[in-house]
Amino acid sequence: MDKVDVLGVDFDNKSFHQFQNEFIGRINVHQSTFVVTANPEIVLAANENPEFMKILNYDADYITPDGIGIIKAANILGTPLKERVTGYDLFTWLMKLANDRSLRVYLIGAKPNVIHAIQAKIAHEYSDIQLVGAEDGYFKEDLEVIAYQIERAEPDLVFAALGSPRQEQLLALLRRNLLPALMMGVGGSFDVFSG
Ligand code: UDP
């Protein structure tokens with residue numbers, strides 16, 4: 001089965017390797033791509049919030065099962081998913097890919113000290129990345145203003161760590177505007193990556 005429905009959220013039934021191949025194909029042709037890595041909290045939140053559910057099922061291009069709870073639920077429903085595919089693993093792999101290919105990366109989210117630590121880490125360990133934006137997630141502007149700012153930076157990859165559903169709301173705006181980038185919400189990944 002290509003898709004597996006867990007409480008109304010349509011997960012892509014692909015291995016980590018399959019996601020990697022598809023993402024590389026889309027990055028190569030600058031195809032606008034919005035990836036949601038959905039854990040049980042996201043699935044439950046979407047069931048309480050119809051607008052969030054629409055973002056997941058109509059705006060997102062891919063939904064990966066981020067969390068053992070999703071894998072277990074799919075098994076119980078009799079429609080198993082291939083494997084757990086976490087936001088953190090995809091994020092670290094995409095950062096390596098960005099460094100190998102000198103891609104343009106925009107980071108938004110987490111506390112100012114965390115984003116500064118990531119900037120330093122990129123300068124030392126991922127120095128071929130073109131960091132075209134690094135903003136913390138405690139801004140006052142509306143998401144529309146932030147989306148415009150991201151579009152003007154012409155990124156290849158956008159990672160948003162604002163917590164859900166805010167990070168997905170921001171990326172859905174960019175996806176609707178067909179920003180030719182791969183965009184992914186990464187929750188607490190910046191905090192881990194910065195350490
Ligand atoms: N965050 C942010 N702005 C906010 C609230 C949260 O940038 O207004 C960041 C927070 O610093 C953390 C990330 O969002 O780096 C994920 O937050 P949280 O762990 O609460 O969300 P979850 O991963 O559980 O969705």
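These are my notebook entries on one strand, one ligand shell and one loop residue.

**Setup.** The model is predicted, so I take local features only at pLDDT of at least 70 and side-chain atom pairs only at pLDDT 80 or more, while totals for chains, interfaces and linings use all residues. Residues are numbered from 1 along each chain as its sequence is written.

**Strand β3.** I looked up β3, residues 33–38 (strands are DSSP runs of E, at least two residues, and helices are runs of H or I, at least four, numbered from the N terminus). Six of its six residues are buried. Buried means 20 or more other C-beta atoms within 10 Å of the residue's own, exposed means 12 or fewer, and partly exposed lies in between; C-beta atoms are placed from the backbone. T33, V35 and T37 point one way, and F34, V36 and A38 point the other way.

I then checked its partners; strands pair if DSSP finds at least two bridges between them. β3 runs parallel to β8 (182–185) over three bridges. There, F34 has M183 as its bridge partner. β3 also pairs in the parallel sense with β4 (62–65), over four bridges. A38 stands opposite P65 in β4.

**Ligand shell.** I found 13 residues around the ligand (C-beta atom, placed from the backbone, within 6 Å of it). The closest are A110, G137, G163, G187 and G188. The shell holds five nonpolar residues, six polar and two charged. Nonpolar covers Ala, Val, Leu, Ile, Met, Phe, Trp, Tyr, Cys and Pro; charged covers Asp, Glu, Lys and Arg; the others, Gly among them, are polar.

**G78.** I located G78 in the loop between α4 (68–76) and α5 (87–101). G78 counts as exposed because it has 6 C-beta neighbours inside 10 Å. I42 is 36 residues from G78 in sequence and 21 Å away, C-alpha to C-alpha.
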